[in-house]
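I opened this notebook to keep track of what I looked up, going from the overall layout down to single residues.

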Amino acid sequence: MWQQLMDVLGKLGNIYDELTKLGEKKRDALVGIDMEGLAKILDTEQILAAKIQKLEQQRGNILKELSKSSGLVGETTKALDFYKAAPSRAVEDRLVRLHKVLSKNVDRALVLRENNNILARGALDAVSRKLNQLTGTTENPGYGKGGDVSFSNKKALDFKA
């Protein structure tokens with residue numbers, strides 16, 4: 001079981017590393033307004049997210065089994081403390097290294113995701129402002145029924161032309 005846990009942690013670390021590299025490509029696609037490239041990146045992200053979900057489920061099951069068999073740890077035990085129950089010092093050291101790599105890769109992926117979200121929101125706001133400018137639509141300062149933002153539209157384009 002300990003070997004299975006090391007395998008899962010290693011795979012998770014690798015997938016989060018892939019996700020980070022993909023996040024960097026996503027940033028470039030957002031900055032360059034490469035919608036076709038962005039669509040491919042989003043598809044790949046979904047595949048990686050499904051793999052992560054499956055591996056996290058496996059990790060949870062392995063940890064439950066190990067905690068039952070060792071009897072030394074409970075559900076509130078931190079991972080680094082849990083690894084002390086490993087059968088040898090070498091296994092414990094490997095688990096700690098894998099855990100640190102995984103944590104670092106997850107943190108990098110989260111920072112990139114937040115930065116990309118900011119870029120995407122900025123791009124959407126710019127597109128929205130430009131469309132409003134082209135169509136003569138203005139956002140009203142108050143809110144309409146149901147709390148939605150209300151808009152007014154001057155007839156700037158003659159669609160019968």
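Before checking a helix, I noted that its expected span is 1.5 Å times one less than its number of residues. The model in front of me is a predicted one, and I kept that in mind throughout.

Entry on helix α1. I took helix α1, which covers residues 2-31 and so has 30 residues, and found that at 1.5 Å a residue it should span 44 Å. Its end C-alpha atoms are 43 Å apart, which agrees with that expected span. Just after α1, I looked up Ile-33 and saw that this residue takes a positive phi of about 50 degrees.

Entry on the whole protein. I listed four helices and two strands, and reading along the sequence I wrote the pattern down as α-α-α-α-β-β. The protein has 161 residues, of which 29% count as buried. When I turned to contacts between residues at least 6 apart in sequence, I found that 57% of them join residues at least 24 apart.

Entry on the surface. The protein exposes about 11400 Å², and carbon and sulfur atoms supply 55% of that area. Which residues make the nonpolar surface patch of about 290 Å²? I found that Val-127, Leu-131 and Leu-134 make this patch.

Entry on Leu-131. I placed Leu-131 in helix α4, which runs over residues 89-135. Is Leu-131 buried or exposed? Its relative accessible area is 48%, and because partly exposed covers values between 20% and 50%, I recorded Leu-131 as partly exposed. I also noted that an α-helix has 3.6 residues a turn, so residues three or four places apart point the same way.

Conventions:
Residues are numbered from 1 along each chain as its sequence is written. This is a predicted model: local features need pLDDT of at least 70, side-chain atom pairs count only at pLDDT 80 or more; totals for chains, interfaces and linings use all residues. Side-chain values use heavy atoms; hydrogens and water are left out. Buried means under 20% relative accessible area, exposed over 50%, partly exposed in between (1.4 Å probe, protein chains only). Contact means heavy atoms within 4.5 Å. Accessible areas come from the Shrake-Rupley method with a 1.4 Å probe; for residues, only the protein chains shown count as cover. Patches are made of residues with over 30% relative accessible area and no salt bridge: like charges are joined within 9 Å, nonpolar side chains (Val, Leu, Ile, Met, Phe, Trp, Tyr) within 5 Å. A salt bridge is a side-chain nitrogen of Lys or Arg within 4 Å of a carboxyl oxygen of Asp or Glu.
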